Amino acid sequence: MPKAFFYVLIFAAICNLFWSGQSLGDDVEAWMKASKLAGEGTFESKYPSATAYRNPLSNLREESEKKHLVGDRLFDKKFSDDLNRPDYGLGPTYNHLSCIGCHAKDGRGALPIVPTTNPWTRLGTGAQIFLRISLKEDLKETPSAENNWGSPIPVPGFGLQLFHLGSFKLRADNPGSGLAEVWMKYDFSKFTYPDGTQVELRKPIFQIRSPYDETTPGSSRILAKDVQTSPRMTPPMIGLGLIEAIPKEDILNLAKRDLSAWGIHGKPNWVIDRQKELQKDPVPLSLGRFGLKANTPSVFHQSLGALNGDMGVTNFAFPKESIEGTELFEAFKQNWKPGIEASDEISQALVFYSQTLAVPSRRNVEDLQVLEGAKLFQTVGCTNCHHPSYKTGSHSISELSGQRIYPYSDFLLHDMGEGLADGRSDFRASGRDWKTRALWGIGLTKVINPRAGFLHDGRARTLEEAILWHGGESKLSRELFTKLSKSQRDSLISFLKSL
Amino acid sequence: MKFLWIAALLVGLNSHAVTPEEIVDHIARKVIVQDYVDLASRAADLHASILTLKSSPTQENMLKAQQAWRDCRQPWETSEAFLYGPVSSLGLDPSIDTWPLNKIDLQAVLASNRTLDLDFVRNLGANLQGFHTVEYLLFGEGTSAQKKVASELTSKELEYLDSTSALLVEKTGQLAHAWTTNADPDNPSLPGFVEIISRPGPNNPFYPTTQAVLSEYVKGIIGILDEVANGKIAGPMGSTIGSADPSLVESPFSWNSVADFSNNVRSALYVYSGDYRATPGPGIIDVVRDTDPELAKNTERALRRIIFEMSRIGGDVEIPFREAIVQPEPRKKIEHIIQLLNELSATFTNKILPIVEG
């Protein structure tokens, strides 16, 4: 982009800000005042509480609601690694014992407690974050069966996810540990606004210790230079079925917009679709919609992959133990019972539950500060990526079909800059790319979990910190945000808190 | 004369209409915080009784330690109508109360030649920590035919009991501290969660109004009534006697399952009435009474009735819940209790919540 044009754009945007700060005018768009973020399925409560994310879609029919409630129980269920129990299935490596353990009250997770002196702190049984791992590779411009459709390359002996917990008998050298221990501490920095206001930022950094294959210090495969790691904080569970029901073309059309003046060029991720694989589709790819790099295509794939991955519970979609083929697993096999651990009924109920959680309605939509914030949200360019609204298409769960929804995301990948980069590619997502996060319900994050963190690794304690971490394609928007007056910044945050 | 003056003052005090703000404050400080303080204190008592048992493993000390476990279990179960705030956000629940425990691995731990100290236990899976691990070690299988006695305790079991109950002291202490003193260790300037929940207002990050807190309290009640009816009880019950699964019943070794359920309902009663042990209300009942005195009274009765019905599952005979669910007569009583719980949950959802939210 020519530099002169860049400055003209900033000037125009700033003029617009001053104007918008003076009057709300008549150009209030429908999304700015929309209260029912999930159409007829929106959960409406006068006073949203800690259970605000734990409700079925309001428009579910009786039979559907019964199915949802069955899934609800299973979502809370703690699986066991005791061979003699009927709820056997946990492990032998895992990150948590239950879905709800990470998705606390179906909301965002929180980073572990690190003492104020900031020492390295070990991730334990209550951790709501884990590391994805893979070998360094170049992005595959032409996915094919030969390059496994561009999917990440597993770390030999470790796979694609670092499980920090394990069954007691898994590792004689380190009982209770999984593939390795994961330790964490913070890097702190400060951001200073043009008006002199300072904000402390923190970023979790991770260390892998005591990997199971380490014979001499540093000898483990997981510690080799070609291994990429990326932290993943638990995302909220709301509205997933509705995202699934957005017509593919609507998302792809957003990728065709010319936003070059803003430096924005969202791209779709095309990822392996487990349902297509099961149907023996020769090209088992679909548009990625879920996961922080849009690396899974459906709630089915995401939920059952997590059941298998995060807890080690095999199911009909993912029937292999997550560490199968490793030396660690071979040595453990005598303590393990073969077979599918989650019945088809359990698996389907969990998927249905995940598809049918409601999004809470907005609060304070008529508040003038909130409305001003909505306009600023648009003016500084947030809506370029946080695309407000869609109408859902047809879905096998009819209650998800034909709904006007407001997720505030284009579901596309964007380069988010070095500050957020994890350096790990995932299908067509580069090490700097992240999928635009949906913002619906975000204003209730802290009501649900007071310690919850925003962004992919939970680093941001506040929405303001999350905005300040935006870089790359969102750099211009962030700069415009930082040039706002304190009161305007507060208005924009008020709008986000109303979602 | 002096007596009349005091009586008049008391009448005056009694006629003081309690405000919603006072109710919010009372429940936060005199019910929730007091429950968590009791939990931490009883966890310390449990650990102390285990240390006594460890140094002198007599049958008398065994029985005392078993009773200390039951006493400690009580405030934990009576906390389940208020699962918002630190218990969830600090991720403490898995270390305190993971069910099921892994008995195979527990035996392997005991058979190992490792030192079973606090750090060792801390790094084990959550299903080898907390209440149910202590329960199993203290009570054994707890079947009618086999009740564990002190002479069966091994030195390894005592070592493990010491460490895992010490961990329970640590976790319950963190929970009480988070409510009373600092809600988030990452943010030392934050007060205890009690100050956050009891002082709603536009600048409160979580609760903008008093009604929002009252709503939270009532939703907590609804949550536990639903969980007891459709999770803790209906799960192991199955839809038929043939599909009942006793292995899913919590607290089976101590025969404490029904006490757990009763204490869960008591938890709802504490918040509803505002009465906690010897400390009287006000509670949610006082908000309801202003609008619908009959509803207020009947709801309290319904809570008490469920607690009573739970005590009568075995009739005049004490039978553990895991045995009750596979016997026809007790099953009928349990099915009735589920129905009562669901009806009451619907009352809170459809009648009481709209009243407190105004």
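**Reading buried residues, cavities and cores**

Guide: T482(A) is buried, with a relative accessible area of 8%, and since this is a predicted model, that value is computed from predicted coordinates.

Visitor: Why does T482(A) count as buried?

Guide: The general idea is a cut-off, in that buried means under 20% relative accessible area. T482(A) has 8%, so T482(A) counts as buried. This residue lies in helix α15 of chain A, which covers residues 475–482, and, leaving aside its neighbours within four places in sequence, T482(A) is in contact with F191(A), Y193(A), P194(A), L468(A) and R489(A).

Visitor: Is N264(B) buried or exposed, and in which helix is N264(B) found?

Guide: The same cut-off of under 20% applies here, and because N264(B) has 0% relative accessibility, N264(B) counts as buried. N264(B) is found in helix α12 of chain B, residues 257–273.

Visitor: How many residues apart in sequence are N264(B) and S79(B), and what is the C-alpha to C-alpha separation in space?

Guide: Sequence and space have to be read separately. N264(B) and S79(B) are 185 residues apart in sequence, while 7.4 Å separate them in space, C-alpha to C-alpha. Once neighbours within four places in sequence are set aside, the residues in contact with N264(B) are E77(B), E80(B), I224(B), V228(B) and K232(B).

Visitor: Which residues of helix α8 of chain B are buried?

Guide: A whole helix can be read residue by residue. In α8(B), residues 131–139, nine of the nine residues are buried, namely F131(B), H132(B), T133(B), V134(B), E135(B), Y136(B), L137(B), L138(B) and F139(B). These buried residues pack against several helices of chain B, among them α2, α3 (59–77) and α9 (155–180), and α8(B) is followed by G140(B), whose phi is positive, near 70 degrees.

Visitor: Which residues touch the most other members of the largest nonpolar core?

Guide: A core is read through its members and the elements that supply them. The largest nonpolar core has 216 residues, of which Y217(B), I233(B) and I284(B) touch the most other members. Helix α2 of chain B, residues 20–55, gives the most to this core, with 14 residues, and the core draws at least three residues from each of domain 1 (18–197) and domain 2 (210–357) of chain B. Leaving aside neighbours within four places in sequence, Y217(B) is in contact with residues including V24(B), I27(B), Y84(B), V271(B) and I284(B).

Visitor: What separates the centres of domain 1 and domain 2 of chain B?

Guide: Domains can be compared by their centres and by their contact. The centres, taken over C-alpha atoms, are separated by 23 Å, and the contact takes 43 residues from domain 1 of chain B and 40 residues from domain 2 of chain B.

Visitor: How many cavities of 30 Å³ or more are there?

Guide: The count comes to four cavities of 30 Å³ or more, and about 560 Å³ of space lies in the largest cavity. Of the 31 residues that line the largest cavity, those closest to its centre are H386(A), M416(A), L439(A), L455(A) and H470(A).

Visitor: How do the residues of that lining divide?

Guide: A lining can be read by residue kind and by the elements behind it. The lining of the largest cavity divides into 19 nonpolar, eight polar and four charged residues, and the elements of chain A that each supply at least two lining residues include β14 (433–435), α14 (463–468) and α15. That α15 is the helix in which T482(A) lies.

Terms used. Residues numbered from 1 in each chain as written. Chains lettered and ligands numbered in written order. Predicted model: local features only at pLDDT ≥ 70, side-chain atom pairs only at ≥ 80, totals over all residues. Heavy atoms only, no water. Helix = DSSP H or I, 4+ residues; strand = E, 2+ residues; numbered from the N terminus. Buried < 20%, exposed > 50% of the residue type's maximum accessible area, 1.4 Å probe, protein only. Contact = heavy atoms within 4.5 Å. 1 Å grid on protein atoms, 1.4 Å probe; cavity = no way out; pocket = protein on both sides within 12 Å on 5 of 7 lines; lining within 4 Å. Points joined across faces, edges and corners; volume = space filled by probe spheres on them. Nonpolar A, V, L, I, M, F, W, Y, C, P; charged D, E, K, R; others polar. Core = buried A, V, L, I, M, F, W, Y, C linked by side-chain atoms within 4.5 Å. Domains from an automatic or database assignment.
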